[in-house]
Amino acid sequence: MTGLHTDQHPGEQPAEHRRFACYLRALEAVAGADEADLVAAVLRDQDTTMADSAVGRHLDRRAVDLLTDPAFTAWARAMTAVIADRDFLTLRLREWTLLRTIALGKPWAAEDLTSASDWFQRMATTLQIVASPEVLRLLAERGRTRRVRNAASRQPQHRDQPIDVIRRS
């Protein structure tokens, strides 16, 4: 390939790519009791961007699996302790917790949704388990991006629903 110079032989992946794949496999197979220790070990990798990416994927996968499960709370607490010094991961877990709040029909504040990341707003409009008429209406009107506003407005659940600043159970 023109313009691409590497020290690897054709087909050989860089070491960080191999570690990333290894971490993902290990995180997918880890027993619950060992999960926090493994996440901490991955985060000690010298390539912090790669480590954060691997743990971020793991958090996303586990959060989806546990979203409405009572075990989510203890899991999130354990992960919070391990990722406390990683801003991106902390934000992602906080936003998964907000998605859980919505999915369970618990109270939420409009400002939490409108000030959330683009990723969160896209998830709130696309995850069927999270679908809330109030959330969809709010994001159709006040989502951060046109993509979010359009996705929320295409969902049939948002029509003719009032926006509550704080949703009541």
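The legends below describe close-up views of a predicted model.

**View 1. The whole chain is built from helices, nine of them, with zero strands.** Along the sequence, the elements follow the pattern α-α-α-α-α-α-α-α-α. Of the 169 residues of the chain, 38% count as buried. The exposed surface comes to about 9900 Å², and carbon and sulfur atoms supply 50% of it. Among contacts with a separation of 6 or more, 62% are between residues 24 or more positions apart.

**View 2. The largest nonpolar core of the chain has 43 residues.** The residues with the most contacts inside this core are W75, W96, L99 and F120. Helix α3, covering residues 48-66, gives the most to the core, with seven residues. In soluble globular proteins, nonpolar side chains tend to be buried together. W75 is one of the buried residues of α4. Leaving out residues up to four places away in sequence, W75 touches E35, L59, R62, A63, L66 and L93. Of these partners, L59, A63 and L66 are also listed among the buried residues of α3.

**View 3. Helix α3 packs its buried residues against α1, α2, α4 and α5.** The 19 residues of α3 should span 27 Å at 1.5 Å a residue, and the end C-alpha atoms are 26 Å apart, which agrees. The buried residues of α3 are M50, A51, D52, A54, V55, G56, H58, L59, A63 and L66. The list therefore includes the charged residue D52 as well as nonpolar ones such as V55 and L59, where buried means under 20% relative accessible area. In sequence, α1 covers 15-29.

**View 4. Helix α4 (residues 71-83) has one buried face.** The helix has 13 residues and reaches 18 Å from its first C-alpha to its last, close to the 18 Å expected at 1.5 Å a residue. F72, W75, A76, M79, V82 and I83 are buried. Seen down the axis of α4, these buried residues fall within an arc of 120 degrees, so they line one face of the helix. An α-helix has 3.6 residues a turn, so residues three or four places apart point the same way. The face of α4 turned away from the buried side carries the exposed residues R77 and A81. The buried residues of α4 pack against α2 (35-43), α3 and α5 (87-103).

**View 5. D45 lies in the loop between α2 and α3.** D45 has a relative accessible area of 8% and is buried. Not counting residues up to four places away in sequence, D45 touches R19, Y23, M50 and A51. Of these, M50 and A51 are buried residues of α3. The side chains of D45 and Y23 are joined by a polar contact of 2.6 Å. D45 and F20 are 25 residues apart in sequence, and their C-alpha atoms are 10.0 Å apart in space.

**View 6. R92 is placed in helix α5.** The relative accessible area of R92 is 11%, and the residue is buried. Apart from neighbours within four places in sequence, R92 is in contact with D60 and W119. Helix α5 is also one of the helices against which the buried residues of α3 pack, and the buried residues of α4 pack against α5 as well.

Conventions: Residues numbered from 1 in each chain as written. Predicted model: local features only at pLDDT ≥ 70, side-chain atom pairs only at ≥ 80, totals over all residues. Heavy atoms only, no water. Core = buried A, V, L, I, M, F, W, Y, C linked by side-chain atoms within 4.5 Å. Buried < 20%, exposed > 50% of the residue type's maximum accessible area, 1.4 Å probe, protein only. Helix = DSSP H or I, 4+ residues; strand = E, 2+ residues; numbered from the N terminus. Contact = heavy atoms within 4.5 Å. Areas by Shrake-Rupley, 256 points an atom, 1.4 Å probe, with all protein chains shown as cover. Expected span 1.5 Å × (residues − 1). Arc of directions from axis to C-beta. Polar contact = N/O pair within 3.5 Å; in protein donor to acceptor, adjacent residues only side chain to side chain.
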